[in-house]
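Work through the two exercises below with the sequence and the model open beside you. Each task sentence is followed by a solution that goes step by step.

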Amino acid sequence: MGSPQVVPLKAALGARIEGLGHADAAKPEIAAILCRALAENLLVVVPGNRMTPEQMRNFASAFGKPKPQVLRYKRSGDVPEVSIMVSTLMTDGTTDKTALRSEDWHTDDSYMVTPAKATLLHSIELPSHGGMTWFCNMHSVYEALPEATRRRIDGKRAIHAYDTQRARNRPSQRTAQEIAETPDVEHPLVRTHPETGRRALYLNFNRLDRIIGMERAESDALLDELAAEARKDKHHYGHPWELGDVVIWDNRATMHRVDVDYPAGEPRVMQRVLIEGDRPY
Ligand code: OGA
Ligand code: MN
């Protein structure tokens, strides 16, 4: 079989990988193609059949080292690096809050000193319609800012917290151990992609609490201005899920959000893997 083809999407970011069996992804020469496609396109879509958690851990290792996520209750029993994300909307109002939390633009793991470099999401059960996941290119958001704004934010650092009053929805309850593992952290507001050298605005509407060295009101106003650019359609791609898709995104230069617009009671279940990353700079 020949090399898989990397076909860029007609969108602000993303590429589709054609001609790849999931089982071949972790072969070194294929993994190199996939990692490069991810750094250059920020998002790759690999269609295929549904994988078991174990098959998915192997597939994910093409992109780096899979790491278990903080919330234990989501981890799959025998493969802790794979989490089972149930975002089904319950008819009795007991919907898992993280489904709603993902409704606003965010990048995964930014409350950590070393956030995940990439996330893989693999569709196992899908509702009959709705539930698209949207992605935002944070290189193009940064480049679209007025020169004066870029000068204001270059070199600035910001506090990311597990929860912030700026977020629209509240996160899941953490256990005492999980709280101890998630203190507030500081990151640059503009980061450099370690593989391409491009600069990206590093925002997270759910976790970014304030810019260091500013009063709260000034910080809020500036964060609102940056958010307004990121919300523009021209920076986005919306993924219409097919069963068995794996979507991999680069958390260093993207944000994402989900449309919580699907029918209540219809299962929406994904398997998810986070890939270890480095400290943002
Ligand atoms: C995630 C996430 C969105 C979705 O897994 O990090 O934000 O579409 N998921 O389920
Ligand atoms: Mn997410």
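The exercises that follow concern a predicted model and take up its two ligands in turn.

**Exercise 1.** Describe the surroundings of ligand 1, beginning with its shell and ending with its burial.

*Solution.* Begin by listing the residues around ligand 1, which are S102, H106, D108, L121, T133, W249, H256, V258, R268 and R272. Sorted by character, this shell divides into three nonpolar, four polar and three charged residues. Next, look for polar contacts, for which the cut-off is 3.5 Å between N or O atoms: a polar side-chain atom of T133 lies 2.6 Å from an oxygen atom of ligand 1, the side chain of R272 places an N or O atom 2.8 Å from a ligand oxygen, and for the side chain of H106 the corresponding distance is 3.2 Å. Taken alone, ligand 1 exposes 290 Å², of which the protein buries 92%. Finally, ligand 1 is located in the largest cavity.

**Exercise 2.** Identify which protein atoms are donors of the manganese ion (ligand 2), and then examine their residues in sequence.

*Solution.* The donors are NE2 of H106, OD of D108 and NE2 of H256, at 2.1 to 2.2 Å from the manganese ion. Along the sequence, these donor residues follow the spacing H-x1-D-x147-H. Checking accessibility next, H106 and D108 are both buried. To connect the two exercises, return to the shell of ligand 1, where H106, D108 and H256 are among the residues listed.

Terms used
Residues numbered from 1 in each chain as written. Chains lettered and ligands numbered in written order. Predicted model: local features only at pLDDT ≥ 70, side-chain atom pairs only at ≥ 80, totals over all residues. Heavy atoms only, no water. Near = heavy atom within 4 Å. Polar contact = N/O pair within 3.5 Å; in protein donor to acceptor, adjacent residues only side chain to side chain. Areas by Shrake-Rupley, 256 points an atom, 1.4 Å probe, with all protein chains shown as cover. 1 Å grid on protein atoms, 1.4 Å probe; cavity = no way out; pocket = protein on both sides within 12 Å on 5 of 7 lines; lining within 4 Å. Sits in = over half its atoms within 2 Å of the grid points. Nonpolar A, V, L, I, M, F, W, Y, C, P; charged D, E, K, R; others polar. Donors = N, O, S within 2.8 Å, 3.2 Å for Na, K, Ca; no water. Buried < 20%, exposed > 50% of the residue type's maximum accessible area, 1.4 Å probe, protein only.
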